[in-house]
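Dear colleague,

I am handing over the structure we spoke about, and my notes on what was found in it follow below. Please read them with the structure open beside you.

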There are 2 protein chains.
Amino acid sequence: MTPAASVLLTDLYQLTMLQAYHDAGMAETAVFEFFVRRLRPGRGFLLAAGLEQALESLEQLRFTARELEWLASTRRFSADFLASLETLRFTGDVHAMPEGTVFFPNEPILRVTAPIAQAQLAETRLINLLHFETLIASKAARSVLMAPDRLLVDFGLRRAHGAEAGLLAARASFLAGFSGTSTVLAGERFGIPLFGTMAHSFIQAHDDEALAFEHFAHAQPDNVVLLIDTWDTEAAAHKVVALAPRLKRAGIRIKGVRIDSGDLAEHARKVRRILDAGGLGQVIIFASGDLDEFALRDMLAAGAPVDGFGVGTHMDTSSDLPYLDCAYKLQEYAGRARRKRSEGKATWPGRKQVYRHNDAGGRMVGDIVTLEGDAQAGEPLLIPVMRGGRRLAQRPALTDIRSHAAASLAGLPEPLRRLEAFDYPVQLAPALHELAAEVDRRTFSFQSN
Amino acid sequence: MTPAASVLLTDLYQLTMLQAYHDAGMAETAVFEFFVRRLRPGRGFLLAAGLEQALESLEQLRFTARELEWLASTRRFSADFLASLETLRFTGDVHAMPEGTVFFPNEPILRVTAPIAQAQLAETRLINLLHFETLIASKAARSVLMAPDRLLVDFGLRRAHGAEAGLLAARASFLAGFSGTSTVLAGERFGIPLFGTMAHSFIQAHDDEALAFEHFAHAQPDNVVLLIDTWDTEAAAHKVVALAPRLKRAGIRIKGVRIDSGDLAEHARKVRRILDAGGLGQVIIFASGDLDEFALRDMLAAGAPVDGFGVGTHMDTSSDLPYLDCAYKLQEYAGRARRKRSEGKATWPGRKQVYRHNDAGGRMVGDIVTLEGDAQAGEPLLIPVMRGGRRLAQRPALTDIRSHAAASLAGLPEPLRRLEAFDYPVQLAPALHELAAEVDRRTFSFQSN
């Protein structure tokens with residue numbers, strides 16, 4: 001469980017709108033949905049993540065006395081409105097795609113049905129969480145697809161955007177199929193396997209590289225992965241070979257070496273030969289430094305003898321696509337469907353469901369987005385997860401989410417599994433088009449009064 | 001003051017190295033420096049930010065009993081090493097460039113001098129904070145330079161990467177010259193001015209747009225900025241004109257309108273004409289939606305009558321450059337200079353100072369990076385900020401940091417102020433080259449033993 005973010009971690013306009021809803025006596029049920037509007041070319045699919053933190057943020061939605069005092073001090077809000085916030089809790093319903101489900105633009109992955117003040121207030125943090133974890137899970141899945149049988153470790157905390165980004169990137173990449181992370185807090189908080197041994201500073205502080213290796217091996221005898229690129233990668237590999245017998249006599253086995261700079265594939269080949277010739281065929285080679293899914297693909301396609309990869313900055317910032325064009329939009333209020341028609345940002349009204357069609361072999365062949373009541377063939381992807389503010393099931397284990405993600409990714413059409421361009425068919429059902437036209441007719445008649 | 005992040009928000013290798021330093025009895029003073037290695041073309045300068053949070057992280061550096069118990073449960077560390085962590089505090093010195101100082105690649109902005117365990121352990125979080133705030137301040141400064149006399153508001157929380165990114169992006173953009181933020185918590189925590197009124201959902205929930213405007217105006221009479229692009233921007237502008245006299249009779253003045261979609265410059269021109277013809281010449285036009293520094297430049301160059309801009313996603317994710325190639329590197333240990341020579345990542349050894357030369361008009365003409373003792377003409381940019389773990393001065397007011405940033409940006413060479421390509425001269429002094437050669441000779445003699 002992540003520590004609760006303050007309810008003040010929101011946009012000011014949520015609070016000014018709540019004041020206005022309060023004054024106007026507008027307290028009916030609203031339906032909001034979170035979805036991605038579009039993906040840029042080259043990014044064919046998304047992997048849903050962040051639901052667990054999103055539900056926590058709803059469970060924790062409340063104003064403390066101190067926060068209400070501070071809001072009063074801004075003189076922006078009326079006393080009776082602020083008094084009404086004292087008892088505000090989330091009492092609504094949530095439908096969502098389980099974390100680890102593959103999805104596509106225009107498919108909602110979360111629907112909130114609640115009194116409008118609650119559903120509106122929750123907006124900023126829900127987007128903040130669902131956007132980020134989905135962004136990182138979707139990026140991480142690409143490395144998993146390119147290097148399915150290799151050890152993949154998240155190394156990105158230092159260049160992740162702040163504390164929570166680092167922590168949640170570890171979670172999102174693990175659920176997408178990574179083996180673990182270097183972020184200690186993610187081990188403590190989420191039980192994610194931890195990896196890490198030494199930085200260049202450790203070698204530099206020793207001057208003598210071989211002595212640094214030996215010190216480390218004795219201090220962490222079960223975790224001996226030696227960083228060999230501080231000065232001369234191949235020379236360091238020879239030192240590892242020279243050191244191995246002495247360590248063996250002390251009962252210590254060298255597990256691996258890490259290369260962090262230069263032409264990683266070329267160094268890996270040379271180092272592999274040195275290790276093998278030195279009787280260290282079991283010692284693995286781990287590579288890191290500026291890696292992304294394409295670097296992994298190219299190294300493995302070139303037959304580089306690399307057993308594991310540390311993937312950091314490019315994944316934890318989703319550097320090629322650092323944000324998704326996503327939204328949390330009002331689809332219904334007081335029992336009536338709604339939409340906005342802003343240029344380039346029009347939305348589909350109503351409560352939606354997504355049905356997925358798989359072929360006999362379990363591969364996805366197409367989705368239909370339609371209204372909730374408009375049953376279609378195929379598997380419905382949105383399921384009820386919260387009712388009346390309470391979860392409908394125990395929180396799933398992260399390892400189970402990870403298994404679901406693996407199954408979902410296994411169902412991707414082949415071109416998407418190879419990260420190739422492919423337009424996965426997502427059909428918008430006639431019922432959606434009809435409702436949109438009906439909403440437009442009603443809205444137009446209102447506006448022309 | 002931001003809530004303390006757990007000391008476990010670090011890379012596992014920091015702890016495994018600390019175990020090895022402990023076992024080897026290595027506890028001498030280490031000197032680490034944080035710097036950016038290089039900038040990609042099109043990005044000519046950086047703006048230092050994050051020092052305040054970095055110093056807080058050093059002040060708060062400690063292991064709780066619960067964290068030590070959890071570390072013990074991992075069976076990765078020895079009992080006497082973990083016992084030594086109970087009393088670990090940061091007792092070292094810090095030199096830094098003040099926040100809001102313009103700087104360039106290869107110029108350290110922070111130097112930590114401390115027993116190696118402390119300086120090493122602090123690495124991950126120091127990078128995590130300095131990298132992110134510097135990234136965002138440097139991005140935000142570009143919008144400030146392009147629209148120096150306009151209202152600029154940070155709208156990015158929802159697509160920032162998690163809670164802390166949203167909060168610190170508000171801080172970093174404000175110190176770079178933004179007028180404020182929509183992030184309420186940044187108002188409470190840092191005293192940053194808050195902006196925000198309504199989302200499309202507010203309009204949609206009403207069906208009748210004019211009624212939505214009226215409800216809002218009565219609920220927030222001092223803060224009437226009306227969102228007019230939900231259905232038809234110009235039609236909504238006419239409704240604003242029609243509403244104004246009725247509100248005026250109730251003592252309410254319309255401050256502005258916001259346009260969030262479509263061709264913003266074109267809509268702004270049409271809306272300006274409608275408002276002016278309706279006697280609302282004082283009503284400002286605020287634009288938002290997918291904005292960055294280039295969109296601002298182009299709109300203003302085209303004479304678009306826009307008085308303020310909400311800049312969100314592109315700034316809070318630094319979307320064109322979502323990370324900096326930065327490092328925190330060991331420069332000295334036990335009184336001897338150190339460097340790594342990894343390919344493409346070699347560092348300059350020793351404790352450094354940066355001297356800046358300004359012309360008679362106060363414009364920057366060039367910097368020299370040299371060793372601390374090697375005094376040069378010009379203004380030294382790194383100053384002592386912490387000694388023996390204690391701050392040497394009160395924390396500066398954020399508004400003072402903002403003034404310093406404005407002065408620093410005013411000194412940029414003209415091409416950089418216009419965001420044009422320009423290689424600002426940063427000279428590495430002979431003393432640095434000499435020390436590097438000396439370190440290489442010594443390291444080589446060690447490695448060839």
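Gly251(B) takes a positive phi of about 80° just after helix α11(B), where helices are DSSP runs of H or I with at least four residues, strands are runs of E with at least two, and both are numbered from the N terminus. This is a predicted model, in which local features need pLDDT (the predictor's confidence in each residue, from 0 to 100) of at least 70 and side-chain atom pairs count only at 80 or more, while totals for chains, interfaces and linings use all residues. Residues are numbered from 1 along each chain as its sequence is written, and chains are lettered from A and ligands numbered from 1 in the order in which they are written.

Helix α11 of chain B covers residues 233–249 and reaches 25 Å from its first C-alpha to its last, close to the 24 Å expected from 1.5 Å times one less than its number of residues. A kink of about 35° lies at Leu243(B), shortly before Pro245(B); the bend is the angle between axes fitted to the seven residues ending at a residue and the seven starting there. Leu243(B) is also among the buried residues of the helix, as are Ala237(B) and Val240(B), buried meaning that 20 or more other C-beta atoms, placed from the backbone, lie within 10 Å of a residue's own.

As for confidence, the mean pLDDT of chain A is 96, with 98% of its residues at 70 or more, and the model scores ipTM 0.97 and pTM 0.97.

With best wishes

Notes:
Buried ≥ 20, exposed ≤ 12 C-beta atoms within 10 Å, placed from the backbone.
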